[in-house]
Amino acid sequence: MLRIGLTGGVASGKSTVAALFAGLGVTVIDTDRIAREIVEPGRPALAELVRALGTVILGSRGALDRAALRRRIFADADARRTVERILHPVILAELERKSREAGGPYQLLVVPLLVERNLAGLVDRVLVVDCDPESQIERLIKRDGETRESARAMLAAQAPREARLAAADDVIQNDGEPAALAASVATLDRRYREMAAQA
Ligand code: ADP
């Protein structure tokens, strides 16, 4: 199975691009979604987080309180490492399982932190959604109501644009109109289908 890793900075347009691929019949597997699913009530990873960090990370109905978890690890590097040690292997195992079980002409694995976490080895090719950081900041302000300062801080916490581009086999430029994306996606989809057929 040909596996394409889709990555890009925050608000670069990953979800928009992934939806376009899905619309063409491509299997899309989303790491952010997996990261949410594995900590649903009753899942072992949630129990492990509670054992490590205490019930302060739970909301009133026993579900993970993400804001409380963020507060808990904000200024505590040890706690952050603990959370990563618990969750990352489970996320990767689940990604592998979903990929094995899903079919498709080829698969698009959406991995926002592919470059930061050095995960290029998971996939056959890395597709980067690239755009001007100023566009990301504008989109964060518009989509999430971030302030310019908080949006800048979010970008600064991620790999720089250059590092992401250095890891890319393919790049989708997303600085223009959203409508222009469909054509770029269709072109790549044709290439990926050819590659998958030859593999
Ligand atoms: P990501 O998944 O990388 O965080 P999204 O696909 O959610 O990014 O896009 C971020 C926001 O920017 C969304 O609100 C989306 O509708 C918008 N957006 C995406 N591409 C463009 C574009 N080319 N021009 C303007 N807005 C865009």
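**Questions about a ligand and a sheet**

Biologist: Which helices each supply at least two residues of the shell around the ligand?
Modeller: Helices (H or I, at least four residues) and strands (E, at least two) are DSSP runs, numbered from the N terminus. This is a predicted model, in which local features need pLDDT of at least 70, side-chain atom pairs count only at pLDDT 80 or more, and totals for chains, interfaces and linings use all residues. Residues are numbered from 1 along each chain as its sequence is written, and side-chain values use heavy atoms, leaving out hydrogens and water. The helices you are after are α1 and α6 (133-144).

Biologist: Which element gives the largest share of the shell?
Modeller: The ligand is surrounded by 13 residues (each with a heavy atom within 4 Å of it). Among the closest are K14, S15 and T16. The largest share, three residues, belongs to α1.

Biologist: Which side chain has an N or O atom 2.7 Å from a nitrogen atom of the ligand?
Modeller: Let's look at polar contacts, meaning pairs of N or O atoms within 3.5 Å. A ligand oxygen is 3.0 Å from a polar backbone atom of G13, and a ligand oxygen is 2.8 Å from a side-chain N or O atom of R143. For the ligand nitrogen, the side chain at 2.7 Å is that of N174.

Biologist: How much of the ligand's accessible area does the protein cover?
Modeller: Accessible areas come from the Shrake-Rupley method with a 1.4 Å probe. On its own, the ligand has 560 Å² of such area. The share covered by the protein is 75%.

Biologist: Now for the sheet: what is the order of its five strands?
Modeller: In general, strands of a sheet pair through backbone hydrogen bonds, either parallel or antiparallel. Two strands pair here if DSSP finds at least two bridges between them; β2 and β3 (residues 107-110) have four, in the parallel sense. This sheet is open, its pairing is parallel, and the order is β2-β3-β1-β4-β5.

Biologist: Which strands sit at the edges?
Modeller: An edge strand pairs on one side only. That description fits β2 (27-30) and β5 (170-173).

Biologist: At about what angle does α5 run to β2?
Modeller: Axes are lines fitted to C-alpha atoms, for helices over the stretch in contact (heavy atoms within 4.5 Å). Angles between N-to-C directions run from 0 to 180 degrees. Helix α5 (residues 77-101) lies across β1, β2 and β3, and its angle to β2 is about 165 degrees.

Definitions and conventions: A polar contact is a pair of N or O atoms within 3.5 Å; within protein, one must be able to donate a hydrogen and the other to accept it, and residues adjacent in sequence count only if both atoms are side-chain atoms.
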